[in-house]
Every structure is written in C-alpha cells, then in structure tokens.
Amino acid sequence: MKISKLSALAVTTALCAPSAFAEEMANELTLVSWGGAYQASQQKAYVEPYLAQNPGVKVIWDESSAEAVAKIRAMNEAGNVTWDLVDAVASDSMRLCDEGLAEEINHDEDLAAAPDGTPASEDFGDLIVSDCFVPQIVYSTTFGYRTDLIDKPETVCAIFDTEKYPGKRSLQKRPIDNLEWALYCDGVAKDEIYDVLGTDEGVERALAKLGSIKDQVVWWTAGAETPQLLADGEVVMGSTYNGRLFSAIAEQDQPIGMLWDMQSFDLDGWVVPAGLPADRKARVMDFLKFATDTQRLADQAAYISYGPARASSAPLVGKHAELGIDMAPHMPTDPANAGNVHVYDYEWWADNRDDLNAKFQAWLAK
Amino acid sequence: MSDITQSGPVLAADGRPLKRSLARALRMQKLRALLLIAPLLLFILVTFILPVADMLFRSVENRIVQDTLPRTVEVLADWDPASGQLPEEAAFAALAADLKDAANVKTHTKVAKRLNYENPGLSSVFRKSGRKVKNWDIANDGPFREKLIDLNDGWGDVELWRTIKTYSSSFTSGYFLNAVDMRLGADGPEIRPENERIYNTMLIRTMRMSLIITFSCILLGYPVAWILANLPARKANLLMILVLLPFWTSLLVRTSAWKILLQQQGVINDTLVWIGLVDDANRLVLINNELGTIIAMTHILLPFMILPMYSVMQTINPTYLRAAKSLGATDWTAFWRVYFPQTVPGIGAGSILVFILAVGYYITPALVGGTKGTFISNLIAYHISTSGNWGLGAALGAILLAVVLALYWVYDKIVGIDNVKLG
C-alpha cells in the first residue's frame, strides 16, 4: 500500500515536472503563411522587429497556408505537429477550431490591449469569428480588368456579359464567392443570396449562370495567377485578392484597373495548432502578443493594401513604405471602395462547404 | 560403376548425403545474396510497400462512425430502415448523448464529414446540432425525439438514420463505390444522381488521353530513334544530347515553358498572327484544355519512348535490310517486313513506360489542362491535400493501380512481356 502511494507520488511529480519549466521558451518558431507580397509584409512589420528584441530566436517560414487544414489534420493524426503558428483565412480557422485542431485563444489575456487600454476582444470586435482565431487583416476578393482591352466595367456582372466585355475571365477554382456573384447577377437580391443557395434549385441556378461563361473561364488556385494572366493579356478580367492587384497596379505599373463592386470581404489571421509542447507554445504566445498589437498591425499596412484588423490601428495607417503613396484609398474598407460589398457568410459556408465542393467539382469536370 | 547399383544415397566426401550438402551450400549462397540486397529490400518495404498497404487499408477502413456514435450504433442495430418509420426514442436519446460527448471533444465534425460523403447535406445537420446539443443535460432533458427534430428537420428524415446505420460497420465499400460514382442505398449499391457523377468520366478520360499521348510519342519518337541509330556515332551523340537535355530539365520548367508558348498571347499564336495564318481576334486555344495536356505531356514523355527504341534499333544489323533489297524488296517492303518487326520490342517497352507514367501524371495536367484536360490523379491530389477525403483518394488510387496492373496483364497476353527490350 505504502509502495503504491509512493510510486503514485513519484509519477505525479514526474508528470508535473515539465510544467514547472513551462516558462522556458523554445528558440525556434515555425510560421506558416501565403508567400509573396503578403508574407513579406509580415516579415517586415513584425518578424524583424521581434527578432531585433529577441536576438536568440530563429524564425522559419513555411508557405503552405493554402493547404493549412489538410496539413494540420495530417500532422495531428501523425502526432507530430511541426508548425507553431499558422496564418489562415477565417473559414479555415473555424474548421480547425470545430475539429479541435487549433488552440482556443483567450483574446483579452493572450493579446495586447490597445494603447488607450481597450481590451483586445473589444478592439478586434466582430472580427473574432472563432475562438481559435486572432485576426490580422481585412482583405477582399475583388476583380481586376485590363484598362486597354475592355471598357471600364461598372458592376461585377460584367464578368457574365461576354458581349460587351469579350475575352477570357479568371475565377477561383472553388464555389465560394463565385456562386454568390452568379446569383447576384442572375437577379437575386443581396440579402437573399444564402436563402436561395440553401436550396438545390438555387445551387443549380447559380451553376447554370456560371455555365453561361464556363468556356471563357480560366480557373485559378494561387493568388498570383490572376495578376499574371492579366499582365499577359490572357484574360481581360479576373478575381483575386485586392493586395495582389494593388501590387500589380501600383508597384509594377501594369495596365490594370480595380473593380470594387461586390468585393467579397474576408479575414485572415493567426491560428495556433493544438497540442504544442509547453516551451514552444510559450514562445508562440509571446510572439503572438507582440505581432498583433496596435502598432504592428498598422505597420503592416505600410507594405500591403490590406486593412488592419484592430480598430485602434486604423488611424495609424499611413503611407506606403517604399512608394510613399497614401495607403488609405487602396484599402478595401475605404468608404469610396466599400459602396457595394459582399460580406460572405463564414458560418453558412462552414456548414455547407463539403456539399457544395462536391457539386462544384463534379460540375467543373463535366 | 558400382555406385550406380548402390541403393543408398550418394555421399559427399565428408560422408553426408550429397543432396543435403548441396542444399546447404545453396542455402548459404541464397542467404548471402539476401543479405546483400537486404538494405534495399528494407528500404522498399518501409518507403513503398508499407505506405501503399496503408493507403489501401484506408480505402476500406471505417471505424469513425462506431467510435464516435457507439450508443446510437448499438440501438440502431435492431431498427429496420426498410420500414420507413423513424427509429424509437431510444435511438434519439442515444444520439443526443453521443453527440454531446462528441461535440465536447470536437469529433462530431469528423463523423459529419464522413457521413456527408455518402449523403450530401448531413454535414450541416451534425455541425449545426452539435453546437446546441453540447449544452443539453442528457439525464433530464428528454425525450429527445421532438427536441432534435425541432433543432433541425434533418433528424426527422429516415434517410439520415439509414445512412448512419449503413455506415456503422468497421469496414466499408463506400469509398470504392463512391470512386465509381455509386453509393450504398436502401437496396444495395446504386448509381449516384447525375450532378454528383464525376469519377468514371475522369477515369475514362485519363485512359483515353494517356493512349493518345502514347501514340503521339510513338509517331514522333520512331523517326528520331531511327535517325539516332543510323547516323555515324559522332553526329548521333550530338543529337542524343538534344534528346537528353530536355529529359534532364525540371518538369516544372518545361511545363511553364509550354504555358508561355501555347497561351493565346503566347509565342505560337503571336507568330501565326504575324504571318497572317490566324486572325488576331480568333487566336487558337491551345492551352487550358485537352490539347494543351496532350502537347505538353507528349513532349515531356518523349525521351521515355525514344531511348528504349533507340537501344533496340542499334542492335539491328543493317545487313538484313541490304539482304532484303538484294532479294528484290522495295524500300517499303524491306522496312515493313524486315526492319519494323525487329523494333517492336522497343516500341513495346517505350509504350509501357510512357503509358504508365502518363496515367499517374498530375503536375502537368494541373498547370496546362484547365478543367477538361485534367486527369484522375488531379482528383486524387485534390482529395488528399485539399478536401481531406483520404479514403476516397485512396480508393481512387487503388482503382488506378488495379487498372494499370490489368492493362499490363493484357499487354503481356497480346505482345508478351518477354518481347519487351530496354536494350
């Protein structure tokens, strides 16, 4: 009896021991992001300043955010999570959280408050769409068009008008956004889109509308494709992230214009994979607190035209770090751009994504 | 001489039976040979056989439903879906308890995903209910039948319960049926609705396009191999570099190069417009369709056709052709009846290589194939890395493997695998 008590005590001590050293932080940090101009803005706005403060730390980048859900799932199943912090879109963060693959965040405790003392949860406000999500930016999926090849389109429905705007278009190879735009241009009122899409007939109707331009569409999977296709003159208009278009227009001076009508607002932010060892998690939380404070998020907007997710960062947004142009008019949230926006319903898509992906893939292959 | 008449076994010098001695020596030899290849064997086992076996296992494994909803599965065992009646209250209570537990450890979304593969629409029923059921008190809140149906109409659908029951066994044919556009319905396997059918089309397309690519490789490769084999060695070596250089260049580089050449504002279209063959408004569509895939893949796989043909043609003695002609054969007869039959083993080897490689390609079709020129491997990649439906990906992979093996067998019956020569 005595022996078993003793051994139980020994086991408890052994189990508690690692947590006693939890304050120790790992010196390596694997960050996962999207590559390109966006990742560069993160590197300049928060990783470099963080490394300057913590000289012993080493940051490793991975550019696999597009496959974040599938890869985290695989790592989790294999019991070997090699990522520390993952940049994911809002809907992916919800899926990861729903499946228990991401750590829940206590926004007020884990994140820095605004300079005036407003707690983080209030500062981020509605943008905290999931318990596991720390928003960084507001971006939008919108359209770019060739200014020299077609007339300036006024509404998003120009993509379905092949007579007035002849030429190929590029659209993302997924149902999200495309089905909504199709219904909107088929005459469905904006606030009824998801009701219509919830029925089989609604989905058929949206696919039929998309079908009317199917042979004119080049389908893209990586954000860099549309700017490239536009620059080559392969397509006359196409959807992509507004930051990529900004980069093609302002930094590379291509004959491309922006169409903000029915831009689809989306969020992007950090997710901490579930099941990290204590020392790595401590490092991640330390970095996360630093990287999402008011100044850091405002700094990022100096490198890319995405709106900072904190209300307190917005007034600090200034000029482009290299070009010196005012960034505010290029933000998706600028009043001049945000006249007619499409706020896409994350929760609806989290529930219906599996069904519609299957239908969309079958439709594409036909 | 006397040994022959002796009735006992032949003995070796040390007095043991010769047969056993010989067997022992051979066994030692075999063991030594095995030890030499053991590292390779181990390597293949660990990096190839085991992963493939694991993949094949995933295509039938189906523990998730009974692991996540154990109580419901047990109660449903006595329920007959053919009755058209909803199961008893006990099933609803069991489900509520299971769902609450699952939602607490967040596995309800996984089972939702699994069942959604078979019956689209179930995912949202589970996900939406999971959020609410999490806060229920299972001991006191009953009865659950009305409560669940109030929460979501889906629970009042017999079809949903049938799906849970049908897919509650540890192993399932569901993924394989799905991979051939079918599903387990109330009365056994049935064809899926038209707007969900995709895999048969893709499989047939993959086979058809791989055959086209193989034939175009034969057509383009044969003359090249012939020239290589018949030129003087110095010139042939120079030409050989032209075959090998693209072979050594990265697949991605070559595919991207084809993109630049073939696109509508690309080099080929620009040239055609410039010389006036094509109107500027009607540029040819050479990419993002079947044609693009066929052109790019023919080029990429061409060396795999030329090299075996070349090594076979090199061994053909030119005197045979001269002999045929001296006996009065025309050039064509000499080629067709004397030369060509001797090159068939080379064509066979090249065709097998090209066809099997083509069937499994996915990078090139993904980049230049658009939607019409993609292969079944693109769907496998999609299911493994994007949709997360590993079971279906594995089933598609297994079917592809079986088809390739079957074609190999047919080929062996018709051409004979002994006739295939790589040199």
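A polar contact is a pair of N or O atoms within 3.5 Å; within protein, one of the two must be able to donate a hydrogen and the other to accept it. With that meaning in mind, count the pairs between domain 1 of chain A and domain 2 of chain A: five residue pairs are in polar contact, with both residues at pLDDT 80 or more. The structure on display is a predicted model, and the tour below begins inside chain A, crosses to chain B, and ends there.

**Stop 1: the two domains of chain A**

Colour chain A by its domains. Domain 1 consists of residues 28–138 together with 267–330, and domain 2 consists of residues 139–265 together with 340–365. The centres of these two domains, taken over C-alpha atoms, are separated by 27 Å.

Next, select the residues where the domains meet. Domain 1 of chain A brings 22 residues into contact with 14 residues of domain 2 of chain A. About 1,600 Å² is buried between the two domains, and carbon and sulfur atoms give 61% of this area. On the domain 1 side, show Ser91(A), Met94(A) and Tyr306(A): these residues lose the most area to domain 2 of chain A, together 26% of what that side buries.

Which salt bridge should be displayed here? The count between domain 1 of chain A and domain 2 of chain A is one salt bridge. Select Asp92(A) and Arg353(A), whose side chains meet in a salt bridge with an N to O distance of 3.8 Å. Side chains of opposite charge can pair when their charged atoms come close.

Now highlight the elements on the domain 1 side. Helix 4, strand 4 (134–146) and strand 8 (256–271) of chain A each give two or more residues to the side of domain 1 that touches domain 2 of chain A. Helix 4 of chain A gives the most to this side, with five residues. By class, this side of domain 1 of chain A has 14 nonpolar, five polar and three charged residues.

**Stop 2: a salt bridge between distant parts of the sequence**

Across all chains, a search of the whole structure finds 31 salt bridges. One of them joins Asp84(A) and Arg280(A), with the closest N and O atoms 2.7 Å apart. Asp84(A) lies in the loop between helix 3 and strand 3 (85–89) of chain A, and Arg280(A) lies in helix 12 (residues 278–291) of chain A, so the pair ties together parts that are 196 residues apart in sequence.

**Stop 3: where chain A meets chain B**

Show both chains and select the residues in contact. How many residues does each chain bring? Chain A brings 33 residues and chain B brings 36 residues. Together the chains bury about 3,100 Å² between them, with 42% of it on carbon and sulfur atoms. Label Glu99(A), Glu234(A) and Asp351(A), which supply 19% of the area that chain A buries against chain B, more than any other three residues.

Four salt bridges cross the interface of chain A and chain B. For an example, display Arg131(B) and Glu347(A), which form a salt bridge with the closest N and O atoms 3.2 Å apart. Between the two chains there are also 13 residue pairs in polar contact, both residues being at pLDDT 80 or more.

On the chain A side, highlight helix 3 (68–78), helix 4 (90–98), strand 6 (217–220) and helix 14 (346–365), each of which supplies at least two residues to the side that touches chain B. Helix 14 of chain A gives the most, with 12 residues. By class, the side of chain A that touches chain B has nine nonpolar, five polar and 19 charged residues.

**Stop 4: chain B**

Colour chain B by its three domains: domain 1 (24–58), domain 2 (63–171) and domain 3 (198–419). Between the centres of domain 1 and domain 2 of chain B, taken over C-alpha atoms, lie 46 Å.

An unreviewed UniProt entry lists "transmembrane region" at several spans of chain B, including residues 33–53 and 347–369. Select residues 33–53 of chain B: this span is 100% helix and 0% strand, with its end C-alpha atoms 26 Å apart. Then select residues 347–369 of chain B, which are 83% helix and 0% strand, with end C-alpha atoms 27 Å apart.

Finally, select residues 203–411 of chain B, where UniProt (unreviewed entry) places the feature "domain: ABC transmembrane type-1". Residues 203–411 of chain B are 80% helix and 0% strand, and the end C-alpha atoms lie 19 Å apart.

Conventions:
Residues numbered from 1 in each chain as written. Chains lettered and ligands numbered in written order. Predicted model: local features only at pLDDT ≥ 70, side-chain atom pairs only at ≥ 80, totals over all residues. Heavy atoms only, no water. Contact = heavy atoms within 4.5 Å. Buried area = accessible area lost by both parts, 1.4 Å probe. Polar contact = N/O pair within 3.5 Å; in protein donor to acceptor, adjacent residues only side chain to side chain. Helix = DSSP H or I, 4+ residues; strand = E, 2+ residues; numbered from the N terminus. Nonpolar A, V, L, I, M, F, W, Y, C, P; charged D, E, K, R; others polar. Domains from an automatic or database assignment. UniProt positions renumbered as here; feature names shortened; annotations may be inferred.
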